[in-house]
Number of protein chains: 2
Amino acid sequence: MRVGVVGTGTVGQAIGGRLVELGHEVVLGSRDSANPRAVDWAAGRGDRARAGTFADAAEHGEIVVNATAGVASLAALEAAGAGNLAGKVLVDVANPLDFSRGFPPTLSVSNTDSLGEQIQRAFPAARVVKALNTMNANVMVHPAAVPGDHDVFMAGDDAEAKRTVAGLLGEFGWPAESIVDVGGIAGARGLEAYILFWVTLMGAFGTPAFNVKAVRA
Amino acid sequence: MRVGVVGTGTVGQAIGGRLVELGHEVVLGSRDSANPRAVDWAAGRGDRARAGTFADAAEHGEIVVNATAGVASLAALEAAGAGNLAGKVLVDVANPLDFSRGFPPTLSVSNTDSLGEQIQRAFPAARVVKALNTMNANVMVHPAAVPGDHDVFMAGDDAEAKRTVAGLLGEFGWPAESIVDVGGIAGARGLEAYILFWVTLMGAFGTPAFNVKAVRA
(Lines give C-alpha, C1' and ligand atoms only; values in the text may rest on other atoms or scores of the structure.)
Protein backbone atom coordinates (compact mmCIF):
# COMPACT_ATOMS: atom_id res chain seq x y z
CA MET A 1 0.00 0.00 0.00
CA ARG A 2 1.16 3.59 -0.55
CA VAL A 3 1.37 5.53 2.69
CA GLY A 4 2.23 9.18 3.18
CA VAL A 5 3.67 10.06 6.56
CA VAL A 6 3.42 13.75 7.40
CA GLY A 7 6.08 14.57 9.98
CA THR A 8 9.68 13.45 10.34
CA GLY A 9 10.08 13.24 14.11
CA THR A 10 10.48 10.10 16.20
CA VAL A 11 6.90 9.01 15.58
CA GLY A 12 6.95 9.64 11.83
CA GLN A 13 10.25 7.84 11.42
CA ALA A 14 9.13 4.87 13.53
CA ILE A 15 5.83 4.46 11.70
CA GLY A 16 7.39 5.11 8.28
CA GLY A 17 10.23 2.67 8.95
CA ARG A 18 7.91 -0.06 10.14
CA LEU A 19 5.64 0.39 7.12
CA VAL A 20 8.59 0.08 4.72
CA GLU A 21 9.74 -3.03 6.59
CA LEU A 22 6.25 -4.48 6.10
CA GLY A 23 6.45 -3.90 2.34
CA HIS A 24 4.57 -0.62 1.99
CA GLU A 25 5.73 2.30 -0.12
CA VAL A 26 6.27 5.31 2.07
CA VAL A 27 6.93 8.98 1.45
CA LEU A 28 8.07 10.74 4.62
CA GLY A 29 7.00 14.34 4.24
CA SER A 30 8.45 17.45 5.80
CA ARG A 31 8.10 21.17 5.22
CA ASP A 32 11.28 21.11 3.15
CA SER A 33 11.93 18.09 0.90
CA ALA A 34 15.66 18.50 1.58
CA ASN A 35 15.10 18.06 5.35
CA PRO A 36 18.17 16.04 6.35
CA ARG A 37 16.17 13.97 8.84
CA ALA A 38 13.85 12.75 6.13
CA VAL A 39 16.64 12.28 3.61
CA ASP A 40 18.67 10.29 6.17
CA TRP A 41 15.63 8.25 7.03
CA ALA A 42 15.06 7.31 3.37
CA ALA A 43 18.70 6.53 2.67
CA GLY A 44 19.41 2.83 2.92
CA ARG A 45 15.77 1.78 3.14
CA GLY A 46 15.54 0.94 -0.54
CA ASP A 47 13.07 1.89 -3.23
CA ARG A 48 10.04 1.81 -0.98
CA ALA A 49 11.24 4.77 1.15
CA ARG A 50 11.33 8.30 -0.13
CA ALA A 51 11.58 11.79 1.36
CA GLY A 52 9.39 14.60 0.11
CA THR A 53 7.28 17.57 1.06
CA PHE A 54 4.11 17.36 3.12
CA ALA A 55 2.21 17.60 -0.18
CA ASP A 56 4.34 14.87 -1.80
CA ALA A 57 3.56 12.57 1.11
CA ALA A 58 -0.16 13.28 1.10
CA GLU A 59 -0.44 12.96 -2.67
CA HIS A 60 1.45 9.66 -2.62
CA GLY A 61 -0.55 8.04 0.14
CA GLU A 62 -3.66 5.96 -0.16
CA ILE A 63 -3.42 6.30 3.61
CA VAL A 64 -1.93 9.41 5.21
CA VAL A 65 -0.51 9.45 8.72
CA ASN A 66 -0.35 12.69 10.68
CA ALA A 67 2.77 12.29 12.79
CA THR A 68 3.57 15.96 13.28
CA ALA A 69 3.74 17.71 16.64
CA GLY A 70 0.12 18.40 17.52
CA VAL A 71 0.59 22.15 17.83
CA ALA A 72 1.80 22.21 14.20
CA SER A 73 -0.56 19.61 12.74
CA LEU A 74 -3.21 21.86 11.20
CA ALA A 75 -0.60 23.97 9.41
CA ALA A 76 1.26 20.88 8.19
CA LEU A 77 -1.93 19.29 6.86
CA GLU A 78 -2.89 22.59 5.22
CA ALA A 79 0.48 22.48 3.46
CA ALA A 80 -0.16 18.83 2.58
CA GLY A 81 -3.26 20.05 0.77
CA ALA A 82 -6.94 19.39 1.39
CA GLY A 83 -7.22 17.98 -2.13
CA ASN A 84 -4.49 15.44 -1.41
CA LEU A 85 -6.34 14.31 1.72
CA ALA A 86 -9.84 14.13 0.25
CA GLY A 87 -11.39 10.68 0.47
CA LYS A 88 -8.33 9.24 2.17
CA VAL A 89 -7.91 7.58 5.52
CA LEU A 90 -6.04 10.09 7.66
CA VAL A 91 -4.54 8.43 10.74
CA ASP A 92 -4.04 11.12 13.34
CA VAL A 93 -1.34 10.03 15.76
CA ALA A 94 -0.55 13.50 17.10
CA ASN A 95 -0.97 14.92 20.59
CA PRO A 96 -1.44 18.69 20.97
CA LEU A 97 1.30 18.91 23.59
CA ASP A 98 2.53 22.38 24.47
CA PHE A 99 5.96 22.40 26.13
CA SER A 100 6.20 26.20 26.23
CA ARG A 101 5.62 26.17 30.01
CA GLY A 102 8.18 23.39 30.45
CA PHE A 103 7.47 20.01 31.96
CA PRO A 104 4.87 18.64 32.45
CA PRO A 105 3.43 19.78 29.14
CA THR A 106 -0.11 21.08 28.78
CA LEU A 107 -2.52 20.57 25.89
CA SER A 108 -3.05 23.35 23.36
CA VAL A 109 -6.57 22.07 22.77
CA SER A 110 -8.50 19.96 25.26
CA ASN A 111 -11.59 19.40 27.34
CA THR A 112 -14.21 20.97 25.03
CA ASP A 113 -12.47 20.05 21.78
CA SER A 114 -9.60 17.96 20.45
CA LEU A 115 -7.02 18.00 17.71
CA GLY A 116 -8.66 14.99 16.08
CA GLU A 117 -11.95 16.85 15.84
CA GLN A 118 -10.24 20.02 14.63
CA ILE A 119 -8.56 18.05 11.85
CA GLN A 120 -11.82 16.37 10.85
CA ARG A 121 -13.56 19.77 10.75
CA ALA A 122 -10.73 21.40 8.78
CA PHE A 123 -10.59 18.53 6.28
CA PRO A 124 -14.17 17.27 6.07
CA ALA A 125 -13.43 15.10 3.03
CA ALA A 126 -10.67 13.21 4.87
CA ARG A 127 -11.64 10.13 6.86
CA VAL A 128 -9.89 10.89 10.13
CA VAL A 129 -9.07 8.10 12.56
CA LYS A 130 -7.41 9.04 15.84
CA ALA A 131 -5.18 6.16 16.83
CA LEU A 132 -1.87 5.23 18.45
CA ASN A 133 -1.50 8.58 20.25
CA THR A 134 -1.67 6.93 23.68
CA MET A 135 1.81 5.43 23.70
CA ASN A 136 5.46 5.74 22.86
CA ALA A 137 6.53 5.49 19.19
CA ASN A 138 8.33 2.19 19.66
CA VAL A 139 5.34 0.58 21.36
CA MET A 140 3.07 1.83 18.53
CA VAL A 141 4.88 -0.21 15.92
CA HIS A 142 6.27 -2.99 18.13
CA PRO A 143 3.53 -3.76 20.63
CA ALA A 144 5.44 -6.82 21.82
CA ALA A 145 8.00 -4.38 23.29
CA VAL A 146 5.59 -4.33 26.23
CA PRO A 147 4.86 -7.90 27.28
CA GLY A 148 1.38 -9.31 27.76
CA ASP A 149 -1.96 -7.82 26.87
CA HIS A 150 -2.34 -4.10 26.37
CA ASP A 151 -4.49 -1.98 24.13
CA VAL A 152 -4.51 0.51 21.30
CA PHE A 153 -7.50 2.83 20.97
CA MET A 154 -9.06 4.40 17.90
CA ALA A 155 -11.82 6.92 17.27
CA GLY A 156 -13.34 8.06 14.01
CA ASP A 157 -16.61 8.69 12.23
CA ASP A 158 -15.94 6.37 9.27
CA ALA A 159 -16.34 2.67 10.07
CA GLU A 160 -14.56 1.52 6.91
CA ALA A 161 -11.63 3.84 7.63
CA LYS A 162 -11.37 2.29 11.10
CA ARG A 163 -11.33 -1.19 9.56
CA THR A 164 -8.45 -0.07 7.32
CA VAL A 165 -6.56 1.29 10.33
CA ALA A 166 -7.25 -1.86 12.32
CA GLY A 167 -5.69 -3.81 9.44
CA LEU A 168 -2.53 -1.71 9.60
CA LEU A 169 -2.42 -2.06 13.38
CA GLY A 170 -2.67 -5.81 12.90
CA GLU A 171 0.34 -5.66 10.60
CA PHE A 172 2.23 -3.78 13.30
CA GLY A 173 1.51 -6.70 15.61
CA TRP A 174 -1.59 -5.62 17.50
CA PRO A 175 -3.94 -8.55 18.18
CA ALA A 176 -7.51 -7.82 17.03
CA GLU A 177 -8.80 -8.08 20.62
CA SER A 178 -6.38 -5.34 21.70
CA ILE A 179 -7.72 -2.81 19.19
CA VAL A 180 -10.43 -0.85 21.01
CA ASP A 181 -12.81 1.22 18.90
CA VAL A 182 -14.10 3.99 21.17
CA GLY A 183 -16.59 5.36 18.63
CA GLY A 184 -16.77 8.61 16.69
CA ILE A 185 -14.05 11.22 16.30
CA ALA A 186 -15.34 13.07 19.39
CA GLY A 187 -13.66 10.24 21.29
CA ALA A 188 -10.36 11.90 20.37
CA ARG A 189 -11.07 14.20 23.30
CA GLY A 190 -10.70 11.33 25.74
CA LEU A 191 -7.78 9.76 23.88
CA GLU A 192 -5.87 13.07 23.87
CA ALA A 193 -6.70 13.90 27.51
CA TYR A 194 -5.19 10.51 28.32
CA ILE A 195 -1.76 11.77 27.28
CA LEU A 196 -1.59 13.91 30.44
CA PHE A 197 -2.11 10.70 32.42
CA TRP A 198 0.51 8.98 30.26
CA VAL A 199 3.02 11.77 30.95
CA THR A 200 2.33 11.42 34.69
CA LEU A 201 2.90 7.67 34.55
CA MET A 202 6.04 8.09 32.46
CA GLY A 203 7.40 10.37 35.18
CA ALA A 204 6.56 7.82 37.87
CA PHE A 205 7.88 4.81 35.97
CA GLY A 206 10.95 6.59 34.60
CA THR A 207 10.41 5.00 31.19
CA PRO A 208 8.04 5.37 28.23
CA ALA A 209 8.06 1.59 27.75
CA PHE A 210 4.58 0.89 29.08
CA ASN A 211 1.00 0.85 27.98
CA VAL A 212 -2.40 0.19 29.50
CA LYS A 213 -4.88 -2.63 29.23
CA ALA A 214 -8.55 -1.88 29.72
CA VAL A 215 -9.85 -4.71 31.89
CA ARG A 216 -13.57 -5.33 31.76
CA ALA A 217 -15.82 -7.12 34.23
CA MET B 1 -10.20 4.15 62.59
CA ARG B 2 -12.46 7.21 62.53
CA VAL B 3 -13.18 8.36 58.99
CA GLY B 4 -15.15 11.37 57.87
CA VAL B 5 -16.70 11.13 54.43
CA VAL B 6 -17.63 14.48 52.93
CA GLY B 7 -20.34 13.92 50.31
CA THR B 8 -23.37 11.64 50.27
CA GLY B 9 -23.56 10.64 46.61
CA THR B 10 -22.86 7.22 45.15
CA VAL B 11 -19.14 7.50 45.84
CA GLY B 12 -19.50 8.74 49.42
CA GLN B 13 -22.06 6.06 50.25
CA ALA B 14 -19.97 3.29 48.68
CA ILE B 15 -16.78 4.30 50.45
CA GLY B 16 -18.56 5.00 53.73
CA GLY B 17 -20.43 1.70 53.61
CA ARG B 18 -17.32 -0.28 52.86
CA LEU B 19 -15.41 1.41 55.69
CA VAL B 20 -18.17 0.58 58.18
CA GLU B 21 -18.20 -3.02 56.93
CA LEU B 22 -14.45 -3.11 57.57
CA GLY B 23 -14.93 -1.98 61.17
CA HIS B 24 -14.24 1.75 60.87
CA GLU B 25 -16.35 4.45 62.47
CA VAL B 26 -17.77 6.68 59.76
CA VAL B 27 -19.60 9.98 59.74
CA LEU B 28 -21.14 10.68 56.34
CA GLY B 29 -21.30 14.43 56.04
CA SER B 30 -23.62 16.59 53.98
CA ARG B 31 -24.53 20.25 53.87
CA ASP B 32 -27.58 19.53 56.00
CA SER B 33 -27.31 16.92 58.78
CA ALA B 34 -30.94 15.96 58.13
CA ASN B 35 -30.15 15.06 54.50
CA PRO B 36 -32.36 11.99 53.95
CA ARG B 37 -29.72 10.29 51.83
CA ALA B 38 -27.20 10.40 54.66
CA VAL B 39 -29.78 9.49 57.30
CA ASP B 40 -30.97 6.53 55.21
CA TRP B 41 -27.40 5.46 54.64
CA ALA B 42 -26.68 5.45 58.38
CA ALA B 43 -29.91 3.66 59.31
CA GLY B 44 -29.38 -0.06 59.78
CA ARG B 45 -25.59 0.12 59.62
CA GLY B 46 -25.20 0.07 63.39
CA ASP B 47 -23.25 2.23 65.79
CA ARG B 48 -20.29 2.75 63.52
CA ALA B 49 -22.32 4.71 60.92
CA ARG B 50 -23.59 8.20 61.54
CA ALA B 51 -24.91 11.10 59.45
CA GLY B 52 -23.77 14.64 60.12
CA THR B 53 -22.74 17.92 58.59
CA PHE B 54 -19.60 18.38 56.50
CA ALA B 55 -17.99 19.81 59.66
CA ASP B 56 -19.14 16.88 61.80
CA ALA B 57 -17.59 14.46 59.33
CA ALA B 58 -14.31 16.34 59.10
CA GLU B 59 -14.05 16.81 62.86
CA HIS B 60 -14.77 13.11 63.47
CA GLY B 61 -12.28 11.77 60.97
CA GLU B 62 -8.66 10.89 61.55
CA ILE B 63 -8.88 10.46 57.81
CA VAL B 64 -11.24 12.58 55.71
CA VAL B 65 -12.50 11.53 52.28
CA ASN B 66 -13.63 14.14 49.79
CA ALA B 67 -16.38 12.37 47.88
CA THR B 68 -18.30 15.44 46.76
CA ALA B 69 -18.93 16.39 43.14
CA GLY B 70 -15.70 18.05 42.07
CA VAL B 71 -17.33 21.33 41.06
CA ALA B 72 -18.62 21.65 44.66
CA SER B 73 -15.60 20.27 46.51
CA LEU B 74 -13.87 23.49 47.53
CA ALA B 75 -17.08 24.93 49.00
CA ALA B 76 -17.87 21.67 50.80
CA LEU B 77 -14.38 21.47 52.30
CA GLU B 78 -14.59 25.12 53.29
CA ALA B 79 -17.81 24.26 55.14
CA ALA B 80 -16.06 21.24 56.66
CA GLY B 81 -13.57 23.68 58.11
CA ALA B 82 -9.85 24.15 57.53
CA GLY B 83 -9.24 23.55 61.22
CA ASN B 84 -10.98 20.18 61.05
CA LEU B 85 -8.76 19.17 58.13
CA ALA B 86 -5.44 20.41 59.51
CA GLY B 87 -2.85 17.67 59.86
CA LYS B 88 -5.23 15.03 58.54
CA VAL B 89 -4.98 12.76 55.56
CA LEU B 90 -7.50 14.10 53.06
CA VAL B 91 -8.27 11.53 50.38
CA ASP B 92 -9.54 13.40 47.34
CA VAL B 93 -11.66 11.07 45.24
CA ALA B 94 -13.49 13.80 43.32
CA ASN B 95 -13.44 14.63 39.63
CA PRO B 96 -14.20 18.21 38.56
CA LEU B 97 -16.78 17.06 36.02
CA ASP B 98 -19.03 19.71 34.55
CA PHE B 99 -22.23 18.32 33.03
CA SER B 100 -23.69 21.76 32.26
CA ARG B 101 -23.01 21.24 28.54
CA GLY B 102 -24.53 17.74 28.67
CA PHE B 103 -22.71 14.56 27.77
CA PRO B 104 -19.81 14.05 27.46
CA PRO B 105 -18.91 16.17 30.49
CA THR B 106 -15.99 18.58 30.48
CA LEU B 107 -13.63 19.40 33.35
CA SER B 108 -14.10 22.63 35.31
CA VAL B 109 -10.37 22.69 36.04
CA SER B 110 -7.80 20.90 33.91
CA ASN B 111 -4.64 21.00 31.86
CA THR B 112 -2.73 23.71 33.77
CA ASP B 113 -4.16 22.88 37.20
CA SER B 114 -6.26 20.25 38.96
CA LEU B 115 -8.81 19.96 41.72
CA GLY B 116 -6.33 18.00 43.83
CA GLU B 117 -3.82 20.84 43.63
CA GLN B 118 -6.51 23.44 44.29
CA ILE B 119 -7.55 21.57 47.44
CA GLN B 120 -3.96 21.24 48.63
CA ARG B 121 -3.41 24.98 48.06
CA ALA B 122 -6.68 25.94 49.78
CA PHE B 123 -5.96 23.67 52.77
CA PRO B 124 -2.19 23.69 53.10
CA ALA B 125 -2.27 21.97 56.50
CA ALA B 126 -4.21 19.00 55.11
CA ARG B 127 -2.22 16.11 53.67
CA VAL B 128 -4.02 15.65 50.38
CA VAL B 129 -3.82 12.36 48.51
CA LYS B 130 -5.59 12.11 45.18
CA ALA B 131 -6.75 8.53 44.78
CA LEU B 132 -9.52 6.30 43.45
CA ASN B 133 -10.91 8.97 41.10
CA THR B 134 -10.10 6.87 38.02
CA MET B 135 -12.91 4.35 38.37
CA ASN B 136 -16.49 3.61 39.24
CA ALA B 137 -17.54 3.69 42.94
CA ASN B 138 -18.16 -0.04 43.13
CA VAL B 139 -14.75 -0.87 41.66
CA MET B 140 -13.09 1.53 44.13
CA VAL B 141 -14.23 -0.50 47.13
CA HIS B 142 -14.57 -3.93 45.49
CA PRO B 143 -11.63 -4.19 43.10
CA ALA B 144 -12.44 -7.88 42.54
CA ALA B 145 -15.61 -6.71 40.74
CA VAL B 146 -13.25 -6.39 37.76
CA PRO B 147 -11.38 -9.66 37.35
CA GLY B 148 -7.63 -9.97 37.05
CA ASP B 149 -4.97 -7.33 37.55
CA HIS B 150 -5.82 -3.65 37.34
CA ASP B 151 -4.54 -0.57 39.10
CA VAL B 152 -5.41 2.26 41.44
CA PHE B 153 -3.34 5.44 41.26
CA MET B 154 -2.47 7.96 43.95
CA ALA B 155 -0.70 11.30 44.02
CA GLY B 156 0.28 13.45 46.99
CA ASP B 157 3.10 15.42 48.53
CA ASP B 158 3.13 13.57 51.86
CA ALA B 159 4.72 10.11 51.75
CA GLU B 160 3.31 9.03 55.10
CA ALA B 161 -0.18 10.11 54.06
CA LYS B 162 0.18 7.97 50.93
CA ARG B 163 1.21 5.00 53.09
CA THR B 164 -1.95 5.50 55.16
CA VAL B 165 -4.07 5.63 52.01
CA ALA B 166 -2.32 2.56 50.61
CA GLY B 167 -3.26 0.77 53.84
CA LEU B 168 -6.93 1.66 53.40
CA LEU B 169 -6.80 0.61 49.74
CA GLY B 170 -5.36 -2.69 50.89
CA GLU B 171 -8.33 -3.13 53.22
CA PHE B 172 -10.65 -2.47 50.28
CA GLY B 173 -8.96 -5.38 48.52
CA TRP B 174 -6.31 -3.69 46.37
CA PRO B 175 -3.12 -5.79 46.16
CA ALA B 176 -0.02 -3.75 47.05
CA GLU B 177 1.41 -4.21 43.54
CA SER B 178 -1.74 -2.65 42.04
CA ILE B 179 -1.37 0.59 44.01
CA VAL B 180 0.61 2.95 41.79
CA ASP B 181 2.12 6.03 43.42
CA VAL B 182 2.53 8.61 40.64
CA GLY B 183 4.37 11.15 42.82
CA GLY B 184 3.41 14.58 44.15
CA ILE B 185 -0.01 16.19 44.13
CA ALA B 186 0.71 17.77 40.72
CA GLY B 187 0.10 14.25 39.42
CA ALA B 188 -3.58 14.89 40.12
CA ARG B 189 -3.57 16.73 36.80
CA GLY B 190 -2.91 13.49 34.94
CA LEU B 191 -5.23 11.43 37.13
CA GLU B 192 -8.10 13.88 36.60
CA ALA B 193 -7.48 14.27 32.85
CA TYR B 194 -7.78 10.49 32.72
CA ILE B 195 -11.46 10.73 33.60
CA LEU B 196 -12.22 12.09 30.12
CA PHE B 197 -10.63 8.93 28.75
CA TRP B 198 -12.62 6.87 31.26
CA VAL B 199 -15.87 8.53 30.15
CA THR B 200 -15.00 7.74 26.52
CA LEU B 201 -14.34 4.09 27.35
CA MET B 202 -17.50 3.86 29.41
CA GLY B 203 -19.44 5.05 26.39
CA ALA B 204 -17.73 2.47 24.18
CA PHE B 205 -18.07 -0.41 26.63
CA GLY B 206 -21.59 0.50 27.74
CA THR B 207 -20.66 -0.18 31.36
CA PRO B 208 -18.63 1.46 34.12
CA ALA B 209 -17.46 -1.98 35.29
CA PHE B 210 -13.91 -1.74 33.98
CA ASN B 211 -10.54 -0.42 34.97
CA VAL B 212 -7.04 -0.21 33.50
CA LYS B 213 -3.81 -1.99 34.19
CA ALA B 214 -0.55 -0.19 33.47
CA VAL B 215 1.66 -2.79 31.81
CA ARG B 216 5.38 -2.14 31.93
CA ALA B 217 8.13 -3.53 29.76
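How many residues does the contact take from chain A and from chain B?

1. In this predicted model, the contact draws on both chains, taking 37 residues from chain A and 37 residues from chain B. On the side of chain A that touches chain B, the elements giving two or more residues are strand 7 (106-107), strand 10 (179-181), helix 9 (188-205) and strand 11 (210-216) of chain A.

2. Helix 9 of chain A deserves attention here, since the largest share of the side of chain A that touches chain B, 13 residues, comes from this helix. When the residues of that side are sorted by character, they divide into 21 nonpolar, 12 polar and 4 charged.

3. Strand 11 of chain A, one of the elements on the side that touches chain B, also pairs with strand 11 (residues 210-216) of chain B, and the two run in the antiparallel sense over 7 bridges. To find this pairing in the structure, the reader may look at V215(A), which stands opposite N211(B) in strand 11 of chain B.

4. Within chain A there is an open sheet of 8 strands, whose order is 3-2-1-4-5-8-9-10 and whose pairing is mixed. Its edge strands are strand 3 (49-53) and strand 10 of chain A, each of which pairs on one side only, and the twist from one strand to the next averages 25°.

5. Inside that order, where strand 4 is followed by strand 5, strand 4 (residues 63-66) and strand 5 (residues 89-92) of chain A run parallel and are joined by 4 bridges. As an example of a pair across these strands, N66(A) has D92(A) in strand 5 of chain A as its bridge partner.

How values were computed. Residues numbered from 1 in each chain as written. Chains lettered and ligands numbered in written order. Predicted model: local features only at pLDDT ≥ 70, side-chain atom pairs only at ≥ 80, totals over all residues. Contact = placed C-beta atoms within 7 Å. Nonpolar A, V, L, I, M, F, W, Y, C, P; charged D, E, K, R; others polar. Pairing = 2+ DSSP bridges. Axes fitted to C-alpha atoms, helices over the stretch in contact; angles between N-to-C directions.
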